[in-house]
Amino acid sequence: MSRKDAEWGLPAHMAAEFAGTMILILFGVGVVAQVTSGGESGSLGGHDSIAWAWGLGVMFGIYVAGRVTGAHLNPAVTFAFALFRGFEWKLVAPYVVAQIAGAFVGALLVRWNYNDMINAIDPGHTTATQTIFSTLPGNGTLPVSVSSALLDQIIGTAILLFLIVAVTDSLGTAPMANLAPFIVGLIVVGIGFAWATNAGYAINPARDFGPRLVTYFTGYGGAWRDQYGGLYFWVPIVGPLVGGPIGIFLYDLLIGKNLRKQEGATPEGPSRLPQTQTPGEKP
């Protein structure tokens, strides 16, 4: 480890999480805005392009932040790593703040860029365009209950974390560090293809809450509610925070403990994609 790497401090870590999450949102929220611009004709893409762009956004965000923090980009990842992978609890709040701030700025840029389109097709700022930024049960159109949406977020985030720790476990069949962001991006694409109907696969509290704040500050009076008028903003926060730890727990129970038993290794695996130092660590 170089002295330069070891001297990275908390501001550098927060900047990396901010930038990586902002990139994620620029691609993810941006593609939904573009698809919505095309209307029912689908002339500017559809669900497949949304799933692929979200996955690419995750991949690029990890490449941006990975060398510094491993690119959590998601409070559910940070929280689950603190519970099961030895990530320092004192860093959880700063990481989450940086992630939400990055998501907010990314969504604000999308809102600014697509302002004319949004005002033209939805001057009342309703759920018709709110779904560009934040999730709703049944994507704002299908009859999905809040309980079903919550369950969906728990399961979807559990799948995400189960697979993240699987593909980054050095005792398993982990890809090389520079390929890991690509694989994690594909995981998000797969979740988008298979788990998007009930709740829009937020699977990331920052991804939903930051853009939801943008809608609240830019004219969406119903930003905190679903299409039925009930408070909904908490679902894509609570669901991922519950599901993430479940995913790592199940991986450790079913796979990880056996790998470590075979290798005689410690139960803790990596808390980052590529290994990096914690803020303030000395060489």
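Start your tour by selecting Ala71, which is buried, with a relative accessible area of 7%. You are looking at a predicted model, and this residue is a handy place to enter it. Ala71 sits in the loop that links α3 to α4. Check its backbone too: although Ala71 is not a glycine, its phi is positive, at about 65°.

Now step back to Gly70, just after α3. Gly70 also has a positive phi, of about 85°.

**Along α3**

Select residues 47-69 to light up α3. This helix has 23 residues. From its first C-alpha to its last it reaches 31 Å, close to the 33 Å expected at 1.5 Å a residue. Where does α3 have its kink? Centre your view on Tyr63, where the helix has a kink of about 40°.

**Add α2**

Next, show residues 10-38, which form helix α2. The axes of α2 and α3 cross at roughly 170° and come within 8 Å. An angle over 145 degrees counts as roughly antiparallel, so α2 and α3 are roughly antiparallel to each other. Colour their contact by residue class and you will find 19 nonpolar, seven polar and one charged residues.

While you are in α2, pick out Glu17. Is Glu17 buried or exposed? Glu17 counts as buried because its relative accessibility is 0%, and buried means under 20%. Show what surrounds this side chain: beyond the neighbours within four places in sequence, Glu17 is in contact with Thr69, Ala71, His72, Leu73, Tyr95, Ala98 and Gln99. Ala71, where you began, is one of these contacts.

**The pair α4 and α5**

Move on to helix α4, residues 75-84, and helix α5, residues 92-113. Their axes lie 9 Å apart, and the two helices pack at an angle of about 170°. They are therefore roughly antiparallel to each other. To see where they touch, select Pro75, Thr78 and Ala82 in α4, then Val92, Tyr95, Val96 and Gln99 in α5. By class, this contact has five nonpolar, two polar and no charged residues. Tyr95 and Gln99 may look familiar, as both are among the contacts of Glu17.

**A proline in α11**

Now select residues 235-263, helix α11, and find Pro245 within it. With 10% relative accessibility, Pro245 counts as buried. Which residues does Pro245 contact, leaving aside its neighbours within four places in sequence? Display Phe79, Ala80, Leu83, Phe84 and Pro240 to see them. Then draw a distance from the C-alpha atom of Pro245 to that of Leu161: the two are separated by 7.6 Å, yet they stand 84 residues apart along the chain.

**On to α9**

Select residues 180-194 for helix α9, which has 15 residues. Its reach from first C-alpha to last is 21 Å, close to the 21 Å expected at 1.5 Å a residue. Turn on the side chains of its buried residues, among them Val184, Ile187, Val188, Val189 and Ile191. Two glycines, Gly185 and Gly192, are also on the buried list. What do the buried residues of α9 pack against? Their partners are α3, which you have already visited, and α8 (146-167).

**Last stop**

Finish in the loop between α9 and α10 (205-217), where you will find Ile203. Ile203 has a positive phi of about 45°, although it is not a glycine. With a relative accessible area of 5%, Ile203 is buried.

Conventions
Residues are numbered from 1 along each chain as its sequence is written. This is a predicted model: local features need pLDDT of at least 70, side-chain atom pairs count only at pLDDT 80 or more; totals for chains, interfaces and linings use all residues. Side-chain values use heavy atoms; hydrogens and water are left out. Helices (H or I, at least four residues) and strands (E, at least two) are DSSP runs, numbered from the N terminus. The expected span of a helix is 1.5 Å times one less than its number of residues. Buried means under 20% relative accessible area, exposed over 50%, partly exposed in between (1.4 Å probe, protein chains only). Contact means heavy atoms within 4.5 Å. Axes are lines fitted to C-alpha atoms, for helices over the stretch in contact, and angles run from 0 to 180 degrees between N-to-C directions. Angles under 35 degrees count as roughly parallel, over 145 as roughly antiparallel, 65 to 115 as roughly perpendicular and the rest as oblique. Ala, Val, Leu, Ile, Met, Phe, Trp, Tyr, Cys and Pro count as nonpolar, Asp, Glu, Lys and Arg as charged, and the others, Gly among them, as polar. The bend at a residue is the angle between axes fitted to the seven residues ending there and the seven starting there.
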